[in-house]
Amino acid sequence: MAQLAKLEAAVAMKNPNKLMDFLKNNIQALPQLFPQLYKSVEIVGGGRQLATGSIISLSYYLPGTPTLMRGSVEVESMDEARKSITLNVIGGDGLKMFKSFRVKCEIDDEQPQLVKWSLEYHKASPSTPPADPYLEFYINLTAAIDVL
């Protein structure tokens, strides 16, 4: 039986709006800027900006493993007023361990220097390890974009 789990982290940034702007407008530049995290990122069907419904195909490296992972995500929602983006994993290596996987990034209204990441996932089996490497991945991405 699948197990629902959730991980959360808050990451301080000098300018959290830079992260949201970068994800919306420059996501395809991630491999050039951060080759230690990404090998490729492509918005399927073209286009340069993310929007609700966009599909992203990507290959990436999880912290602690040299194995190249592949996947595809759909932008489930992108709310510029609430400064949030929600991604739903729809294919790839991550779904071998998890039946579903959703990532949400938002800027905290009460503490606007914080970016909140939350991962919600269903483990494929009770022996599936937690998604800690994925949370570490997003924390590393936030820190990398903060120093741009």
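In this predicted model, Glu-8 forms a salt bridge with Lys-6, and their closest N and O atoms lie 3.6 Å apart. A salt bridge here is a side-chain nitrogen of Lys or Arg within 4 Å of a carboxyl oxygen of Asp or Glu. Glu-8 is exposed, with a relative accessible area of 58%, while Lys-6, at 48%, is partly exposed. These classes come from a 1.4 Å probe applied to protein chains only: buried means under 20% relative accessible area, exposed means over 50%, and partly exposed lies in between. The pair also belongs to a wider arrangement, since Lys-6, Glu-8 and Glu-120 are linked in a network of salt bridges.

The structure holds six salt bridges, and two others are worth a look. The side chains of Arg-102 and Glu-76 meet with an N to O distance of 3.0 Å. This salt bridge links distant parts of the chain, with Arg-102 in strand S6 (residues 98-107) and Glu-76 in strand S4 (residues 68-79), 26 residues apart. Both partners are partly exposed: Arg-102 has a relative accessibility of 32%, and Glu-76 has one of 34%. Lys-116 and Asp-108 likewise join their side chains in a salt bridge, at 3.5 Å from N to O. Here Lys-116 is partly exposed at 35%, whereas Asp-108 is buried at 11%. Side chains of opposite charge can pair when their charged atoms come close.

Turning to the helices, H1 (residues 16-25) and H4 (residues 132-146) pack at an angle of about 105°, with their axes 9 Å apart. That angle makes H1 roughly perpendicular to H4, a label that covers 65 to 115 degrees; angles under 35 count as roughly parallel, those over 145 as roughly antiparallel and the rest as oblique. The axes are lines fitted to C-alpha atoms, for helices over the stretch in contact, and the angles run from 0 to 180 degrees between N-to-C directions. Helices (H or I, at least four residues) and strands (E, at least two) are DSSP runs, numbered from the N terminus. Lys-18, Leu-19 and Phe-22 in H1 meet Thr-142, Ile-145 and Asp-146 in H4, where contact means heavy atoms within 4.5 Å. By class, this contact has three nonpolar, one polar and two charged residues.

Residues are numbered from 1 along each chain as its sequence is written, and side-chain values use heavy atoms, leaving out hydrogens and water. Local features need pLDDT of at least 70 and side-chain atom pairs count only at pLDDT 80 or more, while totals for chains, interfaces and linings use all residues.

Notes. Ala, Val, Leu, Ile, Met, Phe, Trp, Tyr, Cys and Pro count as nonpolar, Asp, Glu, Lys and Arg as charged, and the others, Gly among them, as polar.
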